[in-house]
Amino acid sequence: MLTRDEYAIVQSVASRICPQPAPDVPGADGVDVGVQVDRLLEYVGPEGSADVKTVLALFESGLVGALFFERVKPFTQLDPESQDRVLLAWRDSSIALRRTVYRALSSLTASTYYADPRTWPGIGYPGPPNPTALREAYADQLVNLAALLEPGGEGEGA
Amino acid sequence: MTIRTGAQIDRDLELTCDVCIVGSGAGGAVVAQRLATQGKRVIVLEDGGFHQSQTFDLTERNMFARLYQDAGARSTADQSMSILQGRAVGGTTVINWTTCFRTPERVMQHWAEHHGVEGLTHEMLVPHWERIEQRLNVQQMRLDQVNKNNMVTWRGLDALGWHKDLLYRNVKGCAHTGYCGMGCVIDAKQSMLVTFIPEAVEAGADIYANAWVERITYDGRHCTGVIAKVRTLRGDRFTGHTITVRATVTVLAGGAINTPAMLLRSELDPSGRTGKRTFFHPAVGGVGAHAERINPFVGSPQYVYSDEFVDRGERMAFLLEGAPMFPMTTGGFPLSLGAERQAETELLPYSSLTGALLHDGFDIHDIDEGASISLQSGGRPKIDYKWTERLVEGLRESTRAALRVQLAAGAQQVFGLQGFYARTNEEIDQRVDAARFGPGEIPIFVAHCMGGCAMGTDPASSVVDSRSMRHHALDDLFVIDGSVFPTSCSVNPQISIYGLASWAAEHVREAVG
């Protein structure tokens, strides 16, 4: 769903918001937030992805940056320190649209990052309980949903 | 009969039945079960997939993508509110947190006094609620079941001398894992997926999953067809096949947002009120960082609530409830970068959340219009929420109250969802007073979608007739879901919708003949 350029924007933003926190925990680069966002957009579909693509284009644009005397280069071509300055300028902007764009990018990239099991040791989250073990322990109350499906059919996630 | 998914539909289908129901959640499933067990030929069209509980892996990443509208990314057009709404056979009941309240009597009185609702009263719904609650095993939680996270809210409410009580939940054999929002893997949650849907199918209903209803057709005052596009199981694309259903009676039960959008795609909006006054219970909260591990992801999501602020006069009321925290959903809260953000997120196991649901739509001067649903490319709903000073004041004061609860419970520090910190009540006041609460300034979550097809008796100001849930413009079209509420219902809405659907099913049966 993401173009190569859009993927690069997501990765650049994510790597500043969620850099590697510890030697044994990957950062946004390590979990490839761009690929995870791309998978999410697969579920959303092309029309639903349009808003995300618009936000990415707006944020990347050197022209938009120049309007605010912030930069003339696209975001992805800035060095890390400059990228941080730009992100914080959008976060703390007096213009609501810029703050909203920052919040959208920050939320999208950080939520995607922390959804990855490889990041959980870094925040003390043990992950969900084992669903197979739970189903075995509660086997007597399970509803036979498969029996509802037309013979030969396939439910989702099967 | 059976459930068929998009993978099993390899040609265009033309079907006939007594009742075609669009949507299989809290409204549609109840009507389907009732009509099917009465011997009516029922067909249900459901946009979402048929997700069996043995396929739930309980991770936020996978389950949000599979079970939520827009893979969990549904939001208002200005991105200020994230809307968590289910999309599956069973609808939002598959992913809700199992909290059960009947519609408060004061709310139904407000609907009668200010929104022209006649022919439907609190008293009339009581026997329906009683039957549904018995079937879904709705029971009040006990204090010894309350998890650490909710116990913080309980202690804080107690210390402040504020109202507090234990919630009712529709569970049976609950393991209290806390993963209700990712679908119940042990069928303890008495969702529509494991109760009324199987009963409807066993009684003869046919359910078509992955069937997105593009529009209904009509001639004069009669609905002539329901046209659905079939989706693939994976990738969510249209297969090119359609399902056309011709029914004696059609029931729209796609929920707020989707039902109004369906009517707008069908160009059925004679009053211009379709999609207007859509309400969300905008939800914020206060987080406390505690010395001991709280593990706010362990234990059922909600056990306790407070009515302390449900009457604020002219100002927007709100309900306080305990609420869970998980890495993906709460990882998006902080606004910081890099190491600072990581340090904040590392507080997760020591954090507790008190949530606040704002009661939007009760302003008697009609300033609170809530959201308006319109259409964007592909016929998808566009959701524009009108922010008001009442809402901003409500967000500010409910945040202040939630933070006070956490501090009173012993939090070492509390933080607002904008990212500010406080350690004393004075600091809470300073930070809350200084913080911005406008659109885009604070993350707002929406788990309850209501309105957009308001009921009433005046066709000029409402969409469906409150005496039957029949659409004002068509004699054989009913709307039976949360979209008919004239305001938000001020509590978690599943029981309100079940009761309404149970009552309205009788009117549908009469219309079928």
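# A tour of chains A and B

In chain B, the centres of domain 1 and domain 2, taken over C-alpha atoms, are separated by 31 Å. The model on display is a predicted one, and the tour begins with these two domains.

**Stop 1: the two domains of chain B.** Select residues 3-137, 180-278 and 448-512 of chain B for domain 1, then residues 143-171, 283-359 and 388-438 for domain 2. Domain 1 of chain B contributes 16 residues to the contact between them, and domain 2 of chain B contributes 14 residues. On the domain 1 side, the elements to highlight are α2 (60-67) and β5 (99-100) of chain B, each of which gives two or more residues. Colouring that side of domain 1 by class shows six nonpolar, seven polar and three charged residues.

**Stop 2: helix α1 of chain B.** Select residues 28-37 of chain B, the helix α1(B), which is mostly covered. Nine of its ten residues are buried: Gly28(B), Ala29(B), Val30(B), Val31(B), Ala32(B), Gln33(B), Arg34(B), Leu35(B) and Ala36(B). Which elements of chain B do the buried residues of α1(B) pack against? Display β2 (13-22), β3 (42-45), α6 (196-202), β12 (238-252) and α12 (494-512) of chain B to see these partners. After the helix, select Gly39(B), which follows α1(B) and has a positive phi, near 90 degrees.

**Stop 3: α1(B) against α12(B).** Two packed helices are described by the angle between their axes and the distance between the axes. Keep α1(B) selected and add α12(B): their axes come within 8 Å and cross at roughly 40 degrees. The two helices are therefore oblique to each other, since an angle that is neither under 35 degrees, over 145 degrees nor from 65 to 115 degrees is classed as oblique. The crossing of α1(B) past α12(B) is right-handed. To view the contact, show Val30(B), Val31(B), Arg34(B) and Leu35(B) on α1(B), together with Tyr498(B), Ala501(B), Ser502(B), Ala505(B), Val508(B) and Arg509(B) on α12(B). By class, the residues of this contact are seven nonpolar, one polar and two charged.

**Stop 4: two residues with positive phi.** Go next to Asp187(B), in the loop between β8 (168-170) and α6 of chain B. Its phi is near 55 degrees, a positive value in a residue other than glycine. Is Asp187(B) buried or exposed? Asp187(B) counts as buried because it has 24 C-beta neighbours inside 10 Å, where the cut-off is 20 or more.

Then select His281(B), in the loop between β13 (278-279) and β14 (283-289) of chain B. His281(B) is not a glycine, yet its phi is positive, at about 50 degrees. His281(B) is buried as well, with 24 other C-beta atoms within 10 Å.

**Stop 5: chain A against chain B.** Finally, display both chains. How many residues of each chain are in contact with the other? The contact involves 52 residues of chain A and 63 residues of chain B. On chain A, highlight α1 (4-17), α3 (33-60), α5 (80-91), α6 (96-114) and α7 (131-137), each of which supplies at least two residues to the side that touches chain B. Among these, α6(A) gives the most, with eleven residues. Colouring this side of chain A by class gives 29 nonpolar, twelve polar and eleven charged residues.

Terms used
Residues numbered from 1 in each chain as written. Chains lettered and ligands numbered in written order. Predicted model: local features only at pLDDT ≥ 70, side-chain atom pairs only at ≥ 80, totals over all residues. Contact = placed C-beta atoms within 7 Å. Helix = DSSP H or I, 4+ residues; strand = E, 2+ residues; numbered from the N terminus. Nonpolar A, V, L, I, M, F, W, Y, C, P; charged D, E, K, R; others polar. Buried ≥ 20, exposed ≤ 12 C-beta atoms within 10 Å, placed from the backbone. Domains from an automatic or database assignment. Axes fitted to C-alpha atoms, helices over the stretch in contact; angles between N-to-C directions. Left-handed = near helix turned anticlockwise from the far one by under 90°.
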